[in-house]
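The following exercises are to be worked with the sequence and the coordinates at hand. Each task is followed by a solution in steps.

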Amino acid sequence: MADLAHDNRPGDDEGEEEEVDDASYKTIKDAVLFAIDVSPSMLQRPPPSDDKKADRDSPTSAALKCAYQLMQQRIISNPTDMMGILLFGTEKTHLADGDNTFPHCYLLSDLDVPSANDVKQLRSLVENEEEAAALLRPADEPTSIAAVLFCAIQIFTTKAPNFSSRRLFLVTDNDNPAKIKQDKDTAITRARDLYDLGCTIDLFPISRPGHGFDRSKFYDDLVYPSSPSDPDAPASLPSATKVAKSGDGISLLQQLISSINSKATPRRALFSLPFEIGPGLRIGVKGFIIIKRQEHVKSCYVWVGGEKVQIVASSTSHLADDTARVVEKTELRKAYKFGGDTITFTPEEFTQIRQCFGDPVIRIIGFKPISSLPIWANTGKATFIYPSESDYVGSTRVFSALQQKLINSKKMAVAWFIARRNAAPVITAIIPGEEKYDEDGEQIMPPGLWLIPLPFVDDIRQCPEQADNIKTTEELTDIMRKVIEQLQLPKGVYNPSKYPNPDLQWFYRILQAMALEEEVPEKADDKTIPKYKQIDKRTRGYLAQFGQEFDEEHKRQTRGKLKSSAAPPKKRAATSSAPIEDSKPSKRIKTEPQANGNGGGMTDEDMAALSDRGNISKQSVGALKEFLKARKQPVAGKKIELIERVQQYLESKGL
Amino acid sequence: MAQKEATVYILDLGRSMGEKRNGRSQTNLEWALEYVWDKITTTVATGRKTAMMGVVGYRTDETDVMGAIDDDDGYSNTRIIVPLKQLLLPDIRDLQPQLKPSATNQGDVLSALAVAIQMIDTATTGKTGKPLKYDRRINIITDGYGHMETSDSDAIAAKLKEDEVEMNILGVDFDDAEFGFKEEDKDPEKEQNETTLKDFARKCNGNFATIAEAISQLEIPRTKNTHPVPSYKGTLTLGDSENYDTTLTIDVERYPCTMIAKPPTASSFVVRTDLSGGAGASTQSSATVAGDEHRGDGQLAAVKSQRVYQIDNLDEPGTKTNVEMEDLERGFEYGRTAVHISESDANVVKLETSPCLDLIGFVPEEKFERYLPMSRTNYVVPQRTNTAAALALSSLIHALYESGCYALARLVTRENKAPLLVLLVPRIEPDLECLVDVELPFAEDMRRYKFPPLDKHLTVSGKVITEHRDLPNTQLMQAMNEYVDAMDLSSFDRDDEGEPTEYMKFEDTYSPLLHRINHIIRWRATHPTSPSLPAPPQILTKYSAPPPSLLDRASPQLAALKAAADVKKVPPKQQGRGKRTLRDREKPLSGLDVDALLGNPKRVKIDSTNLIPSFKQALAATDDLEAIQTAAADMARNIREYISTSVGESGYGRALEAIRVMREEITELEEPEIYNSFVRDLKRDLLEGRLRGDRREMWWKIRGSKYGLVERKTCFASEVSEEEAAEFYRSA
């Protein structure tokens with residue numbers, strides 16, 4: 001749907017074009033309904049054990065903890081998406097609006113964007129054993145899975161109509177819930193209804209001690225290989241969701257969390273494009289965003305005029321500036337500002353201007369060694385691509401051959417890349433990504449290719465010139481190398497999962513505390529703060545040695561220079577703090593950055609000298625203002641106006 | 001920031017400039033003006049008040065030096081067309097018709113030059129009589145005909161040199177050995193003048209060139225130099241200097257290294273109603289403006305936005321109430337709960353941080369995944385003039401470089417800004433030594449999607465297969481291997497000395513859209529009524545395809561690869577209806593035929609408690625048109641029911657979903673008229689209030705979702721044209 005809307009408005013996203021990739025992720029809405037089995041075996045706790053890692057949770061309570069965690073996580077990562085929790089097999093029956101159509105189905109939290117109350121309620125169930133015991137009492141008779149599925153259909157159609165993604169997360173340890181054929185057939189029919197409605201069943205099977213989980217007995221007839229709402233995505237791995245079992249060293253809870261995390265965000269292709277390996281040789285690929293900065297929600301307006309604080313929705317209408325009449329969106333014209341007036345084009349011309357570089361494509365221009373891709377040339381995040389057979393049969397094998405060749409030869413492709421109609425063409429490097437697994441054999445990095453946008457000459461900035469020709473010595477470098485050797489990250493790898501975003505985590509901890517009216521935590525847990533103690537232990541000796549060597553070398557290199565240098569030696573001493581501090585925290589006095597530091601005290605002569613050398617524009621606005629202020633000149637206006645005023649002042653002084 | 005500028009263009013407008021020479025289809029003047037307009041519009045586009053321009057014509061019919069020189073004796077046939085000032089679009093429009101060849105060949109370039117010097121002098125001298133800081137420039141464009149009075153030339157050249165005026169002389173068909181042009185059978189007078197001008201240019205340290213060269217360089221986009229602004233000035237530290245004795249602290253500054261240059265953005269305007277014939281015309285203006293020839297002449301009015309704030313009305317679910325701005329305060333959404341944070345508490349959600357660049361640890365470069373960096377890059381350099389910082393940073397840079405490592409650091413650029421994790425990479429080049437930083441993802445920034453392996457195939461039962469149609473065979477691997485090697489670019493280009501060098505370096509590639517838009521805006525400024533747009537300059541599309549000569553060489557490898565790949569395009573037909581007629585419905589993992597299980601029913605009744613699945617199954621079960629119509633009619637009835645029983649908007653979502661499914665399914669069956677007649681009726685009933693109450697909001701939702709008429713473009717069986725479909729959305 002999002003795509004449809006897109007195609008119908010060519011040129012409409014002019015200007016916002018760069019944002020589109022992120023925006024399209026927001027427009028798709030996802031609803032997840034957890035269906036958790038409550039049966040005697042699901043409620044059975046593992047035998048007590050001294051092992052700290054051993055399970056303490058029954059499968060049902062592990063699933064609830066998982067749901068609790070996912071709910072909190074989704075408030076952060078998918079703030080507009082819905083989630084609900086349905087228990088089945090409970091003695092009690094409870095559905096929204098007192099509906100009793102589905103016996104032994106208990107709707108713990110209705111499918112909706114979670115509220116603070118939902119989180120609170122779920123948490124008290126997870127943390128309060130008595131409360132949990134009262135609710136989690138299994139019914140005498142088993143619940144029909146067909147009824148659960150039909151219940152899910154009703155919940156999805158009423159609560160999340162027209163969502164692009166609706167998923168039923170089914171957690172159970174019963175691999176054959178239908179004892180007679182008729183029950184099984186009804187369940188199969190209901191599963192098909194669910195599929196036709198555009199919903200997916202994600203099965204999270206749990207095996208019991210002495211009893212495995214055999215999908216082929218029942219669930220393979222209910223679960224469909226591809227997602228109806230996401231035909232773009234490659235078929236999911238049949239074995240992607242492992243059977244979780246207890247007593248394996250790793251707890252059931254952790255296994256469940258790991259399985260569910262991999263499904264936390266619905267996978268959706270960003271684009272589907274022809275990938276031209278050479279003229280006349282095209283295959284199909286789909287693009288996915290795997291790395292994306294997760295931001296916290298923007299602040300919004302809330303209405304405080306009533307008893308309850310409410311979220312405010314705002315809508316914008318356009319008014320013509322000259323007559324203040326309301327303007328329809330179709331009346332708006334796009335125009336460029338130019339020379340104090342506007343330059344405009346017809347909508348057709350706008351389309352032509354943006355689309356004159358041809359159709360969307362990834363077209364390989366040639367290949368280079370991967371060393372031609374320095375990190376300094378990075379301009380943004382990489383996009384993952386994976387083959388698709390839907391437009392070109394044989395895409396996967398060709399893609400695979402290319403990926404393997406690039407890995408083996410340490411090469412990359414360079415390509416001309418237009419992501420969609422109206423998108424700006426970019427030159428991109430295409431590098432191979434190898435498949436990676438963790439200790440448990442779970443995939444942590446998918447195999448495929450990555451598109452890394454390259455800079456144009458227009459995007460590369462010059463480095464400010466370095467005045468001093470001061471270089472390290474072999475001795476200094478060698479000591480520093482030892483420091484580097486001492487402080488290698490574990491396994492020598494940067495692993496993002498070790499570093500949660502401290503700002504994001506703090507924001508949501510506070511927000512959650514405020515929403516739930518709890519105590520606000522005092523201190524943040526910030527994993528990005530260096531391990532100072534360890535650093536000190538490992539590098540103290542080397543740094544002391546470096547310090548001595550450094551002082552001598554610094555003296556040697558600056559000896560002749562100080563006198564010939566343009567800057568007075570006095571100031572130099574003030575700005576150069578000794579990099580090595582050998583004494584106990586004599587708290588360093590913060591040295592003001594140079595431009596500000598000498599701005600206020602600058603004399604007319606200094607400024608005139610700067611002006612004559614053409615360096616006046618290099619002064620900061622602050623420095624200029626300070627200069628003007630000290631001379632009782634107005635300090636309003638843009639930088640250029642300030643400069644003009646300074647120059648006029650200097651002229652008036654005859655400088 | 002750019003320096004102030006004063007530029008005067010001296011244009012030869014003599015009769016001879018109206019001639020077409022050397023096989024060109026343009027007159028000399030038209031040709032030369034390509035260059036002039038490009039230069040002028042480029043300056044206008046910067047919008048800088050301090051970039052002044054003026055235009056002087058000579059060999060003109062009239063004489064007018066606007067009092068720039070007291071005694072206009074000897075300045076006949078010289079005319080100041082535009083005095084020095086910031087040129088704006090209307091000035092360009094005024095100037096254009098005035099740049100026409102005159103009826104005379106009388107007039108002297110040196111007179112015009114004297115006028116130009118005087119113009120610059122007046123405009124760039126301060127009140128105290130001192131020359132102000134300006135870039136002064138005079139560009140002469142001439143075809144070299146006409147009489148030149150050279151007696152003053154030495155004095156003029158000396159004056160130019162003294163005032164530091166940059167002098168450029170560009171001539172039509174001037175000889176230029178370096179550029180490789182020589183005009184055959186040159187007019188002796190022109191030859192004489194060319195020599196004089198060349199000599200003159202040399203005397204005032206000016207440039208002398210043939211205009212063909214200047215025009216040929218117009219295509220090369222100009223890149224903008226931006227003054228570097230530091231985003232962090234502070235320390236790079238190893239260890240905690242507050243609590244430990246021995247730590248390393250280096251004063252550093254951080255400047256942008258890469259920064260995407262964005263094309264100018266268009267703003268929204270609305271056609272002035274007072275000009276387009278009263279308010280009544282506004283609704284049709286979309287059609288009239290599209291063909292309007294008078295663009296950008298103050299006919300557009302700016303657009304302001306007005307915001308309306310609403311909350312859900314708790315007393316009447318499904319409706320909204322407008323609220324006043326004064327009852328609003330700042331807050332955040334936690335799920336669907338509003339959390340109010342008063343002004344005084346605003347900082348409570350902010351993590352307290354202080355500016356820093358703290359080293360966390362190091363990673364070997366070969367273990368670093370190149371796809372992780374997620375931002376543009378920055379230079380980290382020692383604090384200016386701080387020798388100690390320079391020495392310390394240099395040793396860190398070299399140590400990283402020699403040990404092949406990158407550093408991981410925590411960066412906070414300003415107080416209470418969110419910390420970032422950055423990778424610090426050493427960069428050492430002949431005249432550059434620095435660290436480059438780039439942002440790395442946090443745990444939350446990685447999406448854990450899983451994809452099947454590419455080098456093996458897993459069956460449903462988990463068995464590993466190494467030979468499969470989705471896996472390359474040895475022949476394909478071999479062909480790919482040879483093709484990739486044959487298409488290597490790393491030594492395909494030739495440098496100035498003819499040595500092999502890398503093709504398509506960063507500095508050779510220009511941002512296509514940026515320069516395309518800049519180019520077309522400038523072009524439009526001087527071609528306001530031209531019906532068609534020029535194609536993008538070739539230099540912008542050079543890297544949109546592999547270089548032909550390399551492809552030629554690699555053609556055997558490409559042919560072999562194509563044969564081994566054996567890729568077949570899926571015919572478009574098969575995606576849609578083909579699937580339906582084959583009854584090839586998606587099967588569950590087990591491959592079970594669910595329809596067979598149900599006994600392949602011929603008719604499925606629409607079940608309003610299971611509306612969408614039963615509708616889809618009803619359509620799948622039959623090919624009979626009547627049955628389809630019955631199903632659609634049932635569906636339509638249910639949709640109307642949803643709407644008419646809806647409390648506020650509560651039923652609209654379900655109705656919308658049902659409409660979408662109906663539209664998709666009916667379109668796929670190629671019976672669009674069934675849907676179209678339904679949606680026409682529905683629209684009428686919604687707008688006329690026939691579905692129990694004011695249901696206009698439902699119509700806006702249908703419109704917004706684009707669930708209107710199915711047009712011919714979407715489904716060839718439709719009789720609805722694109723215009724009709726568009727009109728359906730518009731008309732109320």
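Two residues are taken to be in contact if their C-beta atoms, placed from the backbone, lie within 7 Å. The model is a predicted one.

**Exercise 1. The interface**

Determine how many residues of chain A and of chain B are in contact, and which element of chain A gives the most to its side.

Step 1. Applying the contact criterion across the two chains gives 231 residues of chain A and 228 residues of chain B.

Step 2. On the chain A side, helix H14 (residues 532-564) gives the most, with twelve residues.

Step 3. Sorted by class, the residues of chain A that touch chain B comprise 116 nonpolar, 71 polar and 44 charged.

**Exercise 2. Strands that pair across the chains**

Identify strands of chain A that pair with strands of chain B, and state the sense of pairing.

Step 1. Begin with strand E9 (residues 300-303) of chain A, which is joined by four bridges to strand E12 (residues 328-334) of chain B; the two run antiparallel. Within this pair, Leu328(B) is the residue opposite Trp303(A).

Step 2. Extend the pair to its sheet. The sheet is open, has four strands with antiparallel pairing, and follows the order E10(A)-E9(A)-E12(B)-E13(B). Its edge strands, each pairing on one side only, are E10 (310-311) of chain A and E13 (337-340) of chain B.

Step 3. Turn to another pair: strand E17 (residues 392-393) of chain A and strand E23 (residues 568-569) of chain B are antiparallel and share two bridges. Here Val393(A) has Lys568(B) as its bridge partner.

**Exercise 3. A covered strand and the largest nonpolar core**

Decide whether strand E4 (residues 135-142) of chain B is mostly covered or mostly open, and find which residues of the largest nonpolar core touch the most other members.

Step 1. A residue counts as buried if 20 or more other C-beta atoms lie within 10 Å of its own. By this test six of the eight residues of E4(B) are buried, and the strand is mostly covered.

Step 2. List strands that pair with E4(B). Strand E1 (residues 5-12) of chain B pairs with E4(B) in the parallel sense over seven bridges, with Ala6(B) matched to Arg136(B). Strand E5 (residues 165-171) of chain B is also parallel to E4(B), joined by seven bridges, and Ile169(B) is the bridge partner of Ile140(B).

Step 3. The largest nonpolar core has 205 residues, and the members touching the most others are Ile10(B), Val115(B), Ala116(B) and Tyr406(B). Beyond four places in sequence, the contacts of Ile10(B) include Ala116(B), Ile138(B), Asn139(B) and Ile140(B). A second, separate core has 127 residues, among them Trp303(A) and Ile702(B).

Step 4. As background, nonpolar side chains tend to be buried together in soluble globular proteins.

**Exercise 4. Overall form of chain B**

Compare the radius of gyration of chain B with that of a compact globule of 732 residues.

Step 1. The globule would have a radius of gyration near 27 Å, whereas chain B has 36 Å.

Step 2. Along the principal axes, the C-alpha atoms of chain B fill a box of roughly 110 × 80 × 70 Å.

Step 3. Of the residues of chain B, 41% count as buried. The secondary structure of chain B consists of 21 helices and 23 strands.

**Exercise 5. Two domains of chain A**

Establish how many residues of domain 1 of chain A are in contact with domain 2 of chain A.

Step 1. Locate the domains: domain 1 spans 30-261, and domain 2 spans 271-294 + 355-459.

Step 2. Their centres, taken over C-alpha atoms, are separated by 37 Å.

Step 3. Four residues of domain 1 are in contact with six residues of domain 2. The domain 1 side has one nonpolar, two polar and one charged residues.

Note on methods:
Residues are numbered from 1 along each chain as its sequence is written. Chains are lettered from A and ligands numbered from 1 in the order in which they are written. Ala, Val, Leu, Ile, Met, Phe, Trp, Tyr, Cys and Pro count as nonpolar, Asp, Glu, Lys and Arg as charged, and the others, Gly among them, as polar. Two strands pair if DSSP finds at least two bridges between them. A nonpolar core is a set of buried Ala, Val, Leu, Ile, Met, Phe, Trp, Tyr and Cys residues joined through C-beta atoms within 7 Å. A residue is buried if 20 or more other C-beta atoms lie within 10 Å of its own, exposed if 12 or fewer, and partly exposed in between; C-beta atoms are placed from the backbone. The radius of gyration is taken over C-alpha atoms; the globule rule is 2.2 Å times the number of residues to the power 0.38. Domain bounds come from an automatic or database domain assignment.
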